[in-house]
Every structure is written in C-alpha cells, then in structure tokens.
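Colleague: I am new to this one. Can you walk me through the words used to describe it?

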Amino acid sequence: MKLVERAEQEKEMERILTECGAGKGAVVLLDGPGGSGKTELLHRAAETAQRRGALVLRASCSRAERALPFGVLGQLLNSVPVGREPGARLQRLYRRLTVAVTAQDPAPTPTGIGPELALLLNDVAGALLELAEPQPEFETEVMARGDRDTGPEADAPPSPGAEPRAAAATDAQAAFGSAAAVATDPRADLGHGAVAPVSTAHEEPHLPHPLLFIGIDNLRHADPRSLDCLLYLARRTASARIVLVLADDAVAQSGRSQFRTELLDQPHTRRIPLAPLTEEQVAGLIGVHLDDQAAAERLAPEFHACSGGNLLLLHALLDDHTLSGGVRKEGYGRAVLRQLGRLDAQVVAVARAVTVLAGAGHPERLARLAGVDTGTAESALGLLESVGLMDGPVLRHDITRQAVLDDLAPQERDRLRQTAASLMYEQGCPAPDIALHLTELDRPGGDWSVDVLLEAAEQELLAGRTHRAVAALEAALRARTEEEPGRAAIEARLVQVRRLFDPAAAEHHLAVLTAAARAGDLDPAHTIDLVRQLLWQGRPAEAGPLLERLREERPEPHSEVAAQLEDTERWLAWTHPTVARRTHRPAPGDGQRQRPGTAPRPAASWSRPTALLADALVNGRAHEVVGQAHQVLKDRGPSYDLTWPEEPALLALGVLLCTDSPDTPAWCDRLLREGHTPYSPTWMGLLSATRAEAALRLGDLTGAVEHAQQALNHISPNAWGVAIGGPLGSLVLATARMGHYDEAGAYLTRTVPKPMFDTRYGLHYLHARGQYHLATGHHHAALADFLACGDRMRAWGIDVPGVVPWRTGAAEAWLELGNREQASRLAYDQLGRPGANGARARAGALRVLAVAGPATRRPQMLSEALDLYERCGDRYEQIRVLADLGAAYHELGDNRRARTHVRRARHLVALCGAAPLSDGLLSFPDEAEEPVAAPGAPVGDNGLLTDSERRVAALAVGGYTNREIAAKLFITPSTVEQHLTRVYRKLGVRCRKALPVELATSVSEAILTQEA
C-alpha cells in the first residue's frame, strides 16, 4: 500500500532506485523533524529494493550506543552474507577496526583520523563497493537454482561442485530476505537489525546486476567513527550501484554540521525534505484510515491542531478516536512521551520547563529553569514546534502538559515548580501567576511565598475566581507551621472566603480558630468574624465566651474594632438576639491604646449600613429607613470587602418586606440576575430565600415554592446552618396554603439545628409550622407555635409586626377553638403595637376583629382590610377577605354583593393556586338567573377601555357603589355614571353585574395609580 501522506517522496525514492540499477549511485538524505515519517519512508525504500533483488543492509542508531566506536558500521557489516568473499573480508576488517580504535582517541574528529584507521576505512569502503559489483558465478547460480526450482530435478540433491556456490547463493538470498524485510504497520519502529516479513505477492523482476541498498535510521545518534566510514563510502558511490539512504533530523545538527556539509557537497547526494503534514494531507490520511471522507474533513482541523502534522501523534489520535471518540491520555499522551523520548536531554529539559511554566514565556526564565543557555532554549523551542508538541509559545493540548508532568518524578516536579516561582518572583511577575506554581507544592518555600500567596488570593477574589483564591490561601496555610505567627489570620481569611461558596467546608476550621482566639492569637476583627461563623453554624456556646471577651476588652473608642463591635451588637439584636447585648456602649477613654505607628481604619463596608438597618428593624422603625434601604441596593456593586458582603443587601430587602414595598420582588430578581463578584452560592441561596418570602407576601404560592427550592439547591441543607429556617419555613407555608399537606409535613420532618429556634430564622419556621397545624386542624398545636413566637419576640425585644404576625395567627387559632374574646384581645393588642400602622399588620387585625364581631360591623372592617391587602398586593389574603365579605353580605341578605365578592375570590384563587380556599368558595354558588355577558362578547376590555374607565369598572366589579367609587378616585358621582355608561357600551353588557370579573384584578392598580 502506498504512503498516502508521503506519496511524492516515495515516488522519488523509486526513481532513484531505478537510476541506481543503471549504474548511477546516490546518497539520499531523508531530512525532517521527528515524527515526519522518515523511518517509514526508509522502510518502504528498503522493501522496494528487496523486491528488485538488491542486497539490503540496515542499521538503526541509538543514543545509548553513541559512545560505541563503529557501532553503526558493525550493524551494517553483520548483515552482509558471510558466504561471499567481500562479506568475509568485511568481517575481518571490522575486527581490525575495533582493535585499532583502542590505540587512538575513541572519539576523534573527522580530520583527526590516523593513517592506520584511514587505510582500514578505505578498505571497508572498497569491500562494500565490491558487494555491488557483478558476480558472474552468482548470476549463474541464481539462474541454475531457478531452473532447478521449476524443472524435474528440483527435488534432486545438488552436485558436489555446485554445493559451495549454492550455499553462498542461499546465504545471500537469506541475507536479502532478512535484512530488507520491513514492518507492514506504518507506526512500527524497527530496532537494531529488527526485521519483519515482506509480502512477495507482487515482486518486481530482479535487476541484471546486484544493487546494494544501505539504510541508516536516526543518524543523529550515530557514533563519530561510523560517520567517518560513511563519508569514505559516500565519496566513492557516484558510479557504483549503491544507494546510501540516511534518515536525519534537519533541526538537530549538533556535532554533525561538518559531516552534513561534506555529505551535501557530494554531487550525487539527494536531499528529500519531509515537512509536517498539512491539513489537507491530514484529511487524506484520516480518510484512508476511517474510510469516511466526510468524517475526515470534519476531524482534520482538530487533528492537525493537536498534532502539528506529526505522524506519530496523528496515528495516536486516530486510535483514540476509534476507541473513545476523543483524545485520551493513554493514547495521545503516551505518543507525546514517545516523541519526547526521541529528543536530546537539553530539549527534554526545555520541554519540561515549558510545561511547568504553562508556556514558553520569558526566554531567560525558561533557559534558567531548564538549566541551559538562552540560545539552546530558543533552538529547543523551534525543535519542539517542528515535532508538533508546541504551537508557537504554548503546548498544543492540555494532555501534552499533563503527560509531561506525570512523567516527572514528584521531587523533580516540585523542584521545578519552586524554581519557577522563585524566578518569577525575582523578575516581578504578577502574584496570581506565581501562585499557580506555589499552590501545586506540598509546602511552598521561601519567606516571600506567603506574602505572594496572600496577595494573589485577594486579586483572585476581586476577579471572581474564588477557587483559585482558596487554593492560594490553603498553600499559604501549608507554608506556615502551627508555631509560626500569622497562621491564625490566614486560616481566618480562608474561612471567610470558603463561606462564600461552601459554608459547610468552612466549619472544619472553626475549632482551630476558636482555640487561637482563646489563646489570644487572633486579632479582634477576625474574632468578630469568627463569632458570626460560629453563630451561623449553630454553636452559640462557643461564640458567647468569645463575644463576652471582646466586650470586656473594651477596644479604644472610635477605633475600627470598637465601631465593628458596636455594629455587630446591633446586627445580633436582629438576627441572634439571645447573644446580643443591646444596651452595651463602649465607655469613652476606656479600652486599649492604639499601637504606635498605626492609623485607625474605617469599619468594614458591611458594618455601618447593616447596623443602621438592623437597628431600625428591631425598634419597629423600618418605614423610616426605606430610603436608606433603596440606596444600599442601588450602591451595591462588586464587593471589595468580602467579610459578610451580603448582609447590607439582605437587611435592605428585609426593610422593604417589613414595609410591604411593592418593588421588593423586582429588587430580588435584579440582584439574582446580576449575581455576585466573586460568585457566591451562599449569597445566591440567601437571596433566593428572600425572594421566596417576597412571593409569599404577594400570594404567589407557586413562585414561593420554586424560589425556596432554588435556595436549597444553591448550597446543601447542611451548609445552611441556622439560616435553614428561612427557605424551609417558606416551603412549609407555601405548600400548606396550596393544600399539599403531605409535602409540607415532609419538609417539617427534616432535621434542623436546635439553636435555630433562638434566632430570627427560627421565628419564620415556627410561624410556618403553626400555619400548617392551623390548616390541618391541629388548632392547639398551632396556638402553641404562635405563642412560642410571641414569647421569644417579647423576650428578645423585637416584638414588632414586621417580623412574623404571631398575634394574628394566635387569634385565628383562638377563633377555631371558639374563644372570640381572646382572639379580639390579641387583634386589639396588635393594632396598638409600634409599627402597626403598616398595611399588612392592620389588615390582619381588622379581619380578625370583623370575624369575631357582629355581622353588621363586618363589611366595613373587611372592606378596609381588603383595601389594605390590595395595597400590599397579597392575593392570598385578598381571597380570604373576599370570602369573608361574601359570607357577611350573604348573612345580611345582600346576595348581589355576596356573589360579586365570591366571583372575585374565585378568579384570584385561579391565579394564586390556593386549593383549600377554592374548596371553601364552592358553598357560594351563582344564581341561575344572574345576568351574563352576551354570546361573543369580549372577555375583559381587550384594550377598549381608557385608564379612567378601567379604574371605575374595576371598582364597580369589586362591589363599590357609585358614591364610594367617586370618593376613592376623587371624582364626582356623575363622572362615575358617565364612565360606566361608556364601559357598558364598549363591552356589550347592560349592567355592572355583567362586567367581566377579570376587571377586578385592577382594583389595587386603580387606587395606586390615582393616588400617584
């Protein structure tokens, strides 16, 4: 089979063999980089010469035998048939050469050959020339043997006189067959004298005279003495039937420049260059191997990019593609190491240096790491690119780098990495680039390494590469022994960073940091952060003593530590009230003095806004800081202080939730889209949990479940610590309101940290559990949960309606238990609390009072509650109030208004998904004689109504009279009548009862738009 990728060169070799058979000798230099197919082309040329009856002598040079004098010549002479006189003489000459060379310098230059060696080399060259001369008796014996093989005497014993010649001929033919045979596998490497069978199915006719083919592979590893002999022979082959084929690397000429110069100066020398394959040639090779030209065209660009046209790498890629469809370390990676093993030690050293540096980089740095001079390094880079391992300054594939690194001994790999980092540090390279090497070491060395790693960690954090920052901090931690100062600060920073994406992983460091804080080895700022970490993980028993110690030390007033501690106290009062001391204030003049030579730094960026917003929430003044909350959300950008960076935004959203700001969901969605720099699953989880709570307050039960589940997906439930009460409480409450009681009960069976119930997150969990018990008819259990919330909130000093409406929940439980008096007392108590002027708190209390009071007073209080819930946008609570209004009007005999409110409630139920409320509304069937819209009448207004008409129609569907509508919209009753007349005409209805109930969903929009 022809060499598809080297068809032109193979054809040139066949032409040279033909010319040589006519008495025109030639020296052929197959010149190309490693992996270009020189060996295979040499094998094919030897095979062709064998088929034409030539005597083939082969040798393959090796680096291991480079110091062996006449080692290559010995391989050639050992292939000569000893039955012929030139062969026997060559054996004697070789023995004389090996004896003579011991008396001289074993490795002289070509110009330093002594007279005795020169004569012997001349004799060797002459004997080789005799092998190519015509041998009449040899031809006669060959012809006779051919006759015997085909005639009737073929099986007869030979005559005695012919036996020596026949033996010589047989030996010669055996030598031809054994020395010239080549492997059929194009990827097989033949060793010294290694041969493989050759198919003779299509043998060419023998030449009229013998032809001597001498092939030498890997010439760059030939010993100097053999090169001298080859030059002697090359100068004498111009008119002989000898083809001397030498496979050499054009770019690896160290120590052989004089040999190549003299060789190429011979007029009968032919140089056949073999360049790496082009992409078109790669496609042709793939097409032949896969027998699929379409696949070849598709794979050619990738294969060419990975191999650089190197045949060894290409065949490995083909094998990988056949086995797995991709590049494998076992295939392509091993081929890389084979290719690298063919190169000189200095080139290999440069390749390893390039691998460690992840690119050629600075030439001087590369040369110093490889232990060579700059010129050698540049030459090695060119050689590595020529053999397909590099593409310019970078390695061609990641597997190339991994294979070279894996081939290094661990000690050598660490030495190279440490040296590379030291060189880069000396040359002022960026800290993140140096850290890439230091992080791979078991223990980075040098006093400078810790500073570099810490600087790299901060830069990686600002760039959003959190995992690299963690790796740098871990390496810095390994570089410090437990006795060295500063180790605790490094570990504290590592905990801060790890908390951003895996709070559970940060927990493993807390025991060590707690011990360091107790021993006084941790500075106050890191100790404050450690207290927050311990509280997050539900370890108040360990956090409490550390916090008390900070309080007793009384840091200097107006210092950063004092400000941070005071702000932390305010945050604790809102989130972890059991460990807070809200009355604490640092006394002026107390505490430690500032160290000389240091200046106070401003408090952390999260500290001051967190304290401001938390203090307002604790004291029921959330409505006073709505503007600051919006400003915090607007100013939030990439956080350069990564100590609890999410706290200001979360508290700002908490303020908006407590004040029922309608833009809370929009802010949550915006922050979720923007993400976090650096990316933090912890932040995304907390934000999703807040978004779930916002959805609950809007009556969006499906959205609440979706966002709460997303929150638990961002970080595992175990990593949530005490904060698990937030998303888990939202899931319980939303699924219970949807009527999925089994699902809600399953959420309640999940294990939660016991300290969670001493935090704000525990209040949300208790309230949700109470609502579940209330919905499932366990009224006493519900009452116990609501009262437990109240007991905690009163004890903690955060008994404000914006946290959880425990009084409303307890009042509803009392109503179910038949105690209207106790329910009314709780409702009145809620109306008198600070902050009860908020829409949600007041609406809940009014609904309880209405249900517990006489029927005649219910419509008024329920209508006000409905208005307040519409202002909040809470569809779930609107449904409950509308159902109560329908029942109240039905009890009072006003069935028209009762049906109107029930229709609105049913429509909202479809939007909300509250199945239990839908079942309760089935007790209010519409009357058959109720007017309906005419057939074909449009549903809704379909854009026919103006904004003013839509507002009037929405309020009319809601059951409001013309006078009430006029009062709400600040217009005259006459204007209301005119608007309604136009609405009837546009919608094709005759009265307000026939108005589409969908218009009622615009009631809150109508009021808010008018007020704006």
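Modeller: What follows is a set of questions about terms and the values behind them. Keep in mind that this is a predicted model.

Colleague: Start with α24 and α25. Why are these two helices called oblique to each other?

Modeller: Helix α24 covers residues 510-518 and helix α25 covers residues 524-536. They pack at an angle of about 140°. Roughly antiparallel needs an angle over 145, and roughly perpendicular runs from 65 to 115. The angle fits neither class, so α24 and α25 count as oblique. Their axes are 11 Å apart.

Colleague: Is the crossing of α24 and α25 left-handed or right-handed?

Modeller: Left-handed.

Colleague: Which residues of α24 and α25 meet?

Modeller: From α24 come Leu 510, Leu 513, Thr 514 and Ala 517. From α25 come Thr 527, Leu 530, Gln 533 and Leu 534. By class, this contact holds five nonpolar, three polar and no charged residues.

Colleague: Now α12 and α13. What makes α12 roughly antiparallel to α13?

Modeller: The angle. α12 (311-323) and α13 (329-341) pack at about 165°, with axes 8 Å apart. The cut-off for roughly antiparallel is over 145, so α12 earns that description beside α13. The crossing of α12 and α13 is right-handed.

Colleague: What meets what between α12 and α13?

Modeller: α12 brings Leu 312, Leu 313, Ala 316, Leu 317 and Asp 320. α13 brings Gly 331, Tyr 332, Ala 335, Val 336, Arg 338 and Gln 339. The contact of α12 with α13 divides into seven nonpolar, two polar and two charged residues.

Colleague: Where does helix α11 bend?

Modeller: At Leu 299, by about 45°. Helix α11 spans residues 293-307. A proline, Pro 301, follows Leu 299 within four residues.

Colleague: Which residues of α11 are buried, and what covers them?

Modeller: The buried residues are Ala 295, Ala 296, Leu 299, Ala 300, Phe 303, Cys 306 and Ser 307. Their cover includes α10 (279-290), along with α12 and α13.

Colleague: Turn to single residues. Why does Asp 660 count as buried?

Modeller: Its relative accessibility is 15%. Buried means under 20%, so Asp 660 qualifies. Asp 660 sits in the loop between α30 (647-658) and α31 (664-674). Leaving out residues up to four places away in sequence, Asp 660 touches Arg 697, Ala 839, Arg 840 and Cys 872.

Colleague: What makes Pro 916 partly exposed?

Modeller: Pro 916 has 28% relative accessibility. Buried would be under 20% and exposed over 50%, so Pro 916 falls in between. Pro 916 belongs to helix α44 (residues 915-921).

Colleague: How do you know that Pro 916 meets residues far along the chain?

Modeller: With residues up to four places away set aside, Pro 916 touches Ala 736, Arg 737, Met 738, Gly 739 and Tyr 741. There is also a spacing to quote: Pro 916 and Ala 775 are 141 residues apart in sequence, with their C-alpha atoms 8.7 Å apart.

Colleague: And Asp 502, why is that called partly exposed?

Modeller: The relative accessible area of Asp 502 is 28%. That lies between the 20% and 50% limits, so Asp 502 is partly exposed. Asp 502 lies in the loop between α22 (487-501) and α23 (503-506).

Colleague: Which residues is Asp 502 in contact with, leaving aside neighbours within four places in sequence?

Modeller: Thr 682 and Ala 719. The C-alpha atoms of Asp 502 and Pro 681 are separated by 7.5 Å, with their positions 179 residues apart along the chain.

Notes
Residues are numbered from 1 along each chain as its sequence is written. This is a predicted model: local features need pLDDT of at least 70, side-chain atom pairs count only at pLDDT 80 or more; totals for chains, interfaces and linings use all residues. Side-chain values use heavy atoms; hydrogens and water are left out. Axes are lines fitted to C-alpha atoms, for helices over the stretch in contact, and angles run from 0 to 180 degrees between N-to-C directions. Angles under 35 degrees count as roughly parallel, over 145 as roughly antiparallel, 65 to 115 as roughly perpendicular and the rest as oblique. A crossing is left-handed if the near helix is turned anticlockwise from the far one by less than a right angle, and right-handed if clockwise. Contact means heavy atoms within 4.5 Å. Ala, Val, Leu, Ile, Met, Phe, Trp, Tyr, Cys and Pro count as nonpolar, Asp, Glu, Lys and Arg as charged, and the others, Gly among them, as polar. Buried means under 20% relative accessible area, exposed over 50%, partly exposed in between (1.4 Å probe, protein chains only). The bend at a residue is the angle between axes fitted to the seven residues ending there and the seven starting there.
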